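Student: I am new to this structure and would like to work through it step by step. May we begin with the entry itself?

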Protein chains: 2
Amino acid sequence: MSYRRLKQSKSSKARRGQLTTRRGVLETPFFMPIATKAAVKSLTYEDLQALEAQIVLSNTYHLMLKPGNSLIKKVGGLHHFMNWDKPILTDSGGFQVFSLSKIRKITEEGVEFRSHIDGSKHFIKPEDSIQIQLDLGSDIVMAFDECVELPAKKEYLEKSVELTTRWAKRCQEYFVSNLRKVTNNTKTRQPLLFGIVQGGLDKGLRKKSAQDLVSIGFDGYAIGGLSVGESEKEMYKVLDYITDELPEDKPRYLMGVGRPENIINAVKRGVDMFDCVIPTREARHGRLYLWRDGLRNYKRLRKVTKTKQLNILNNPKSCYKTINITSEKYSKKFEPINAESKFPVLRNYTKAYLRHLFSVNEPLAIRLATLNNLEFYLGLMEKIRRAI
Amino acid sequence: MSYRRLKQSKSSKARRGQLTTRRGVLETPFFMPIATKAAVKSLTYEDLQALEAQIVLSNTYHLMLKPGNSLIKKVGGLHHFMNWDKPILTDSGGFQVFSLSKIRKITEEGVEFRSHIDGSKHFIKPEDSIQIQLDLGSDIVMAFDECVELPAKKEYLEKSVELTTRWAKRCQEYFVSNLRKVTNNTKTRQPLLFGIVQGGLDKGLRKKSAQDLVSIGFDGYAIGGLSVGESEKEMYKVLDYITDELPEDKPRYLMGVGRPENIINAVKRGVDMFDCVIPTREARHGRLYLWRDGLRNYKRLRKVTKTKQLNILNNPKSCYKTINITSEKYSKKFEPINAESKFPVLRNYTKAYLRHLFSVNEPLAIRLATLNNLEFYLGLMEKIRRAI
């Protein structure tokens with residue numbers, strides 16, 4: 001059993017637990033920084049260690065095109081390639097095939113598409129996606145699914161969900177029969193395989209998708225096809241019922257979500273795993289996530305009452321703020337970027353200095369902002385785990 | 001006396017010494033990493049500390065335009081702004097005014113120019129340059145000079161050298177009379193002022209420039225207007241005689257030079273100080289400086305014979321190589337970027353990984369290459385000091 005629930009909130013579906021992978025035990029709920037092209041933009045593995053990231057996510061689509069999965073396999077996997085010895089989750093490539101590339105044709109067999117880099121033609125089928133992820137040495141492998149942009153016609157969605165289920169079945173069969181080739185075949189050395197629930201905003205389809213996947217049987221279940229154009233309210237509505245369709249003894253992963261309040265609202269609906277480009281992408285545009293007074297200091301937090309701790313679950317938006325450091329108003333703010341940071345560079349450099357670095361396009365700006373935002377997001381998850 | 005010669009080579013004019021500034025003693029000969037816009041591109045002050053950089057150079061022209069010297073003065077100077085407590089040398093802005101901006105008019109009084117950023121009109125006179133450098137809190141202030149591009153007509157060069165000398169005199173007078181305003185007026189708390197020898201490739205003019213500056217009297221002497229289009233041979237020819245015109249008890253600074261062999265050849269002609277964009281700029285284009293076997297390992301170096309050590313002075317090009325890490329041939333080189341580096345990231349990441357980072361435009365690539373090249377350049381200076 002890879003997932004173990006340690007604690008169940010009484011006031012919501014929020015749960016704290018542990019997910020065991022072949023590269024260590026992950027405390028849930030957790031957030032995965034995104035190492036799209038085998039690096040979290042501007043950071044080294046030393047930075048990720050200092051951030052105490054438990055796991056990172058890397059993108060199959062990007063890596064299969066550059067530098068190519070066969071090259072990464074040759075060096076002994078993504079962990080060796082990027083010098084990272086903790087778990088890595090790889091997406092299936094599906095999302096990028098459907099969002100970045102020019103799709104030529106979706107068939108029962110798979111998808112023909114053109115690379116967004118050089119226009120070269122590629123064909124990927126569910127089995128290929130799994131094989132690439134096994135080549136990469138992924139610890140959590142995602143099934144290959146069709147991602148439908150919302151809004152979508154019910155008729156199309158219906159067919160798509162059925163296709164995704166058939167693909168999921170093929171993924172699972174390929175995964176199981178090829179595991180022995182890539183591992184020494186002991187359970188503890190095997191990666192995990194997750195299925196992805198689709199179905200748009202249609203309750204019937206979502207439930208059917210979940211039930212079909214559960215009957216195939218996966219190590220965990222992702223909720224895909226959300227945060228793709230629908231409102232937050234619509235997203236929460238899906239989460240309100242979908243986790244009830246998923247086994248209690250398996251982890252649930254909400255893909256590509258989100259802002260701190262989205263994460264908290266999803267945790268309260270029973271979600272355990274998250275990834276999102278927000279902290280890193282917004283950092284590159286100068287948006288910093290900062291704790292408001294009172295929740296900033298970890299040590300202080302440990303001493304506050306249980307009631308106050310719970311505040312982060314009940315009123316997330318009041319606990320933090322974002323600032324746009326590129327704004328003129330920070331040009332003379334000679335106060336630390338983040339006085340409570342564990343990183344000396346964020347305590348010793350001023351907001352005015354960081355603003356200057358952005359205004360003259362110094363690459364250091366991105367690094368500092370990225371460190372700040374990932375520390376915030378990983379700190380957020382720690383606070384959430386403590387508050388459950 | 002700010003400069004003290006500790007050792008004089010018997011086989012060349014090379015000398016080892018110490019330059020005392022208000023922010024500490026510098027071992028000469030030394031190299032200054034360039035922090036153009038108040039940051040060595042992609043590096044933090046922690047990185048510079050780890051590199052054991054003794055001093056950095058920052059650019060008056062860039063900083064006066066962005067974020068502006070008054071803002072930096074407000075925060076207590078460049079050291080506070082960029083969180084760096086070791087010495088900073090600032091250039092006078094002259095070189096950039098003449099190379100980057102559109103010059104409107106050079107008069108006896110100063111230079112009218114347009115900003116290369118927004119085309120705004122500015123006027124800078126020698127006194128302004130000194131005041132800006134004092135505002136920045138520079139530890140080594142450079143006189144404002146006219147930089148003439150080579151080749152140049154003798155007639156123009158002659159007038160230019162005379163103008164530079166008159167400007168140098170004004171700089172010196174302004175510097176002395178304004179020092180008391182910015183320091184507590186004790187000698188040890190004062191910055192140093194350097195004059196800049198000009199004169200192109202004309203021996204007579206160069207000698208005259210040097211003699212005129214020496215008669216004004218500066219804390220050190222820079223050799224400017226070289227490495228601006230002339231051949232290496234022509235540059236060495238100037239160095240062959242120019243250091244003899246400069247006082248033995250003052251430091252000599254060859255501005256904007258150069259490749260390792262240029263630095264070594266200049267050291268052998270009696271130069272003590274260097275700055276150059278080469279290690280950092282080339283890093284950004286994927287060119288790495290690496291020691292050849294035998295000279296790579298510092299510890300090993302300490303044990304080798306005196307004769308072997310001197311090799312670096314006698315045959316610099318045989319001691320190192322440069323590689324273009326973006327080349328296809330590194331895509332499968334699963335060996336450390338630099339096995340002898342003091343930085344774990346350079347020992348643990350492979351050449352293939354760094355090549356990948358460059359090929360997908362990851363900002364981390366620049367940081368790793370910059371660390372490598374500055375470690376090489378600062379290590380080069382250490383080897384030179386030891387070999388003298």
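Student: In which sense do strands E1(B) and E2(B) pair?

Tutor: This is a predicted model, and every answer here rests on its computed geometry. In chain B, strand E1 covers residues 3–8, and a hairpin of six residues joins E1(B) to E2(B). Within the pair, Arg5(B) stands opposite Gly17(B). The two strands are linked over five bridges, and the sense of their pairing is antiparallel.

Student: Which residue of E3(B) stands opposite Gly17(B)?

Tutor: E2(B) also pairs with strand E3 of chain B, residues 24–28, in the antiparallel sense over five bridges. These two strands form a hairpin with two residues between them. Opposite Gly17(B) in E3(B) stands Thr28(B).

Student: Which side chains of E2(B) point to the buried face?

Tutor: In a regular strand the side chains alternate between the two faces of the sheet. E2(B), residues 15–21, follows such an alternation. Arg16(B), Gln18(B) and Thr20(B) point to one face and are not buried. The side chains that point to the other face and are buried are those of Arg15(B), Gly17(B), Leu19(B) and Thr21(B).

Student: What radius of gyration does chain A have, and why does it agree with a compact globule?

Tutor: Chain A has 16 helices and 16 strands, and its C-alpha atoms fill a box of roughly 60 × 50 × 45 Å along the principal axes. For 388 residues, a compact globule would have a radius of gyration near 21 Å. The value for chain A agrees with this expectation, because it is 21 Å.

Student: What share of the contacts in chain A with a separation of 6 or more is between residues 24 or more positions apart?

Tutor: Of the 388 residues of chain A, 52% count as buried. Among the contacts with a separation of 6 or more, the share from residues 24 or more positions apart is 70%.

Student: Which element gives the most residues to the side of domain 1 of chain A that touches domain 2 of chain A?

Tutor: Chain A is divided into domain 1 (3–275) and domain 2 (283–387), and 28 Å separate the centres of these domains, taken over C-alpha atoms. In the contact between them, 19 residues of domain 1 meet 18 residues of domain 2. On the domain 1 side, the elements that give two or more residues are strand E4 (30–32) and helix H10 (260–267) of chain A. The most, four residues, comes from H10(A).

Student: How many residues of H16(A) are buried?

Tutor: Helix H16 of chain A runs over residues 363–387, and its 25 residues should span 36 Å at 1.5 Å a residue. The end C-alpha atoms are 37 Å apart, which agrees. The helix is largely enclosed by the rest of the structure, because the number of its 25 residues that are buried is 21.

Student: Which element gives the most to the side of chain A that touches chain B?

Tutor: Between the chains, 33 residues of chain A are in contact with 33 residues of chain B. The elements of chain A that give two or more residues to this side include helix H3 (69–74), helix H15 (351–359) and H16. By class, the side of chain A has 19 nonpolar, seven polar and seven charged residues. With five residues, the element that gives the most is H15(A).

Student: Is Leu48(B) buried or exposed?

Tutor: Leu48(B) lies in helix H1 of chain B, residues 45–50. Beyond residues up to four places away in sequence, Leu48(B) touches Pro33(B), Val40(B), Leu43(B), Ala53(B), Val56(B) and Trp84(B). Leu48(B) has 23 C-beta neighbours inside 10 Å and therefore counts as buried.

Student: Which residue is joined to Thr28(A) by a cis peptide bond?

Tutor: Most residues other than glycine have a negative phi, and most peptide bonds are trans. The bond in question has an omega of about -5 degrees. It leads into the loop between strand E3 (24–28) and E4 of chain A, the place of Pro29(A). The residue joined to Thr28(A) is Pro29(A).

Student: Is Asn361(B) buried or exposed?

Tutor: Asn361(B) has a positive phi of about 55 degrees although it is not a glycine. The place of Asn361(B) is in the loop between helix H15 (351–359) and helix H16 (363–387) of chain B. With 10 other C-beta atoms within 10 Å, Asn361(B) is exposed.

Methods: Residues numbered from 1 in each chain as written. Chains lettered and ligands numbered in written order. Predicted model: local features only at pLDDT ≥ 70, side-chain atom pairs only at ≥ 80, totals over all residues. Buried ≥ 20, exposed ≤ 12 C-beta atoms within 10 Å, placed from the backbone. Pairing = 2+ DSSP bridges. Expected span 1.5 Å × (residues − 1). Domains from an automatic or database assignment. Contact = placed C-beta atoms within 7 Å. Rg over C-alpha atoms; globule rule 2.2 N^0.38 Å. Nonpolar A, V, L, I, M, F, W, Y, C, P; charged D, E, K, R; others polar.
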